[in-house]
Every structure is written in structure tokens, then in C-alpha cells.
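Q: I should like to take a close look at a single part of a structure, with its terms explained along the way. Please begin with the chain as a whole and then turn to that part.

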Amino acid sequence: MSRILTVDDSRAIRAIVAKQVAEMGHELAEAEDGEQGLQRLAEGRYDLVLLDVTMPVLDGPGMLRRMRDRGDRTPVLMLTSESKRAIIAECMRLGIEDYILKPFKPEELHAKIAKILPGGAGAQPGPAAAAAAPEPGAGKAAVDFLLVDDMENVAKKLRSLLPAHVTLDTATGGPAALQMCRERTYRMILVDTDIPDTNSAALMGQLRLLQSQCAFLALSLRSVQDAERIARADGFDGLVCKPFHAGELEDLLIKHFDNQEILRAEDNLLRAGPCPNKPDRLERYFRRMTQMLGPALARVASACYDDVILDMSDMPLRPDCTPHLVSDLINLAGGHGLRLL
């Protein structure tokens, strides 16, 4: 059994964490801010700290900095709803295992914890219980994309189309990609289907063993017939076509990376994010918002709140979309026994 400390000012988030940690067979302690977190660390040893970024009194980066300054190397998993990657980048330099973006699904948190602390009930004691060294993989940097393609211009083109805050690593072949996956964690890996002397499907399988939490997409020319069917038959999670189209990459980022910008959850308060006033983006925005509201309401209900509050200050007000979304939300909230405010 490992000991985990969760430091978060949100009761709802602490409740979600407590449920997942209990199911995994670990022991949990809680703190509401960074100062309390440091006090808990001074009182005993822990195998992992789940650390929120934004908190009163002392925030997550401040607590992390003070931990490292006093020589505390306890592994840290950051929980953040911040959109600026600069905060995460600074935390990486201070040494965190990984990060997870709010709002997150409980199973996502489970997977992150399991990767840092393999095993649960019945597993070997962690470092706090056995006074052993941290688990292998401690200190891995977290990166958004890994591109595996033997042509350098592909990497240059992809970098030019990605927002500056999205991080990207590149590898021109299998050995380099495998080494990077041993040293870092990735959210998405793109593997070209036509690399000389390389079976891309087999390489993807090897990489997946090292990055089980990651999404794997095949890179293929647009001229290849049935490319997506072939990619999925080979075990990939999807397909990206070359040459890249900016709109398609934008859709990819919205689906896998920018959910935290569309809807943010703080206890029972749901904040709708802004959307550029473009017809194609607005349609995607409302479709994605509808998809995200269901899981968000379930988390509010699981934390035993009676009400759910929707902050629409930044939501586009469209007579053809907004009333329908609010109507759907009223029905969804009622289904969970929640009152919508």
C-alpha cells in the first residue's frame, strides 16, 4: 500500500481523488492549500503528491518550489485547469512526474496514478512504507506530441501549424522514438505509415507498451485509399493525413487538448469558455460543449451537491444554439437530481 497526499482547495476534486485512491488500495491524506500540504509532508513520508495549481494561501507551484528547495523529491502529479503551458513547463523544470487537465474523468486520474505507482491492494510497499527509492520513471517530462517521421520537413510543417503552447518532440526512426518514450510521457504520438525499413504497426505496438495512456494516430498520404480503415485495423486510434490541413489539426487539438478551454469545473460551478466568432468553430463549440456537460454533471452529482451553476459570461449567445444547449442542460441536470442555476 502506498501513501498519497492530495492538495486541492476543491472539496469535489478531493472527493473524486479519495474514491479513486481507495479503489486502488492506497492510503490518502488531504490538504486544502500549499501550506497545509507542506505541513503534511513534514509530518510523514508519502509516495505521491497530487497537487492543484491554483489555490489560496500557497499555490501548487509555490509548494512544489519549497518542496524541492528543502530536498523533498516526492513524486508530484499536477492537477490544473490553467490554459498557459508556461506554468506546467516551470513545474517540469522543478521535477514533476506528469500533469492532468481539469475537468478530468476519474479513469484518467486512475491511469495516471497507476503509471506512477504501479499496483494497488496487495502490491509491494511504496517508498513511504518501505523507505525505498522512488518508482522507475520518476522525473519524466510530459510532452504533448511525439512525431515519428523520417522526413524533416514534416516536423517543420507540423510545428508551424501548432499553437506555441503545444509541445512537440520529433524522431526520424524507431530507435529514437523508443528511447524518447522511455524518457518522457506523451499525450499523442503520430507515426508515419511509410518509414523505410520500419513496420509502422509493429513500432506503434512497441511504443504503446511504454505509453499505454497515449493516443496513437497514423500518418498517411491523402492519396492512399481506405487509409483510416487500414490504420484502425493495424491498431491505431485514428488517422492524420499529409499534407496537413490547418482545419483538421485544429479539430484534433479541440478534441484532445483544448477541452479545458471550453468547459471548466470548480466544485459545482461550471464555467463556459469563449469561442472565436466563426460559423464553423461555433458549431463545433456547441457540439463539444454538449458532449462535455454530461460527465461534468455526473461529477457534480457524485460530490453530493444539490445545485449546479452554469457561468455563461463568456459563452457565445446564439439564438439558434444557446437556448437548445440550456434546455439540454436542464434535462441532464434533472436526471441527476440537480437544480440548475
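What share of the contacts in the protein chain with a separation of 6 or more comes from residues 24 or more positions apart? After that, please examine helix H14 closely.

A: This is a predicted model, in which local features need pLDDT of at least 70 and side-chain atom pairs count only at pLDDT 80 or more, while totals for chains, interfaces and linings use all residues. Residues are numbered from 1 along each chain as its sequence is written, and side-chain values use heavy atoms, with hydrogens and water left out.

Residues 24 or more positions apart account for 67% of the contacts in question, where contact means heavy atoms within 4.5 Å. The protein chain contains 14 helices and 14 strands; these are DSSP runs, numbered from the N terminus, with helices (H or I) of at least four residues and strands (E) of at least two. Of its 341 residues, 47% count as buried, that is, under 20% relative accessible area, whereas exposed means over 50% and partly exposed lies in between (1.4 Å probe, protein chains only).

Helix H14 comprises the 14 residues 322-335. Its expected span, 1.5 Å times one less than its number of residues, is 20 Å, which agrees with the 20 Å between its end C-alpha atoms. Within H14, Thr-322, Leu-325, Leu-329 and Ala-333 are buried. These residues lie on the same side of H14, because they cover an arc of only 70° around the axis; the arc is that of the directions from the helix axis to the C-beta atoms. On the other side of H14, His-324, Asn-331 and Gly-335 are exposed. Just after the helix, Gly-337 adopts a positive phi of about 75°.
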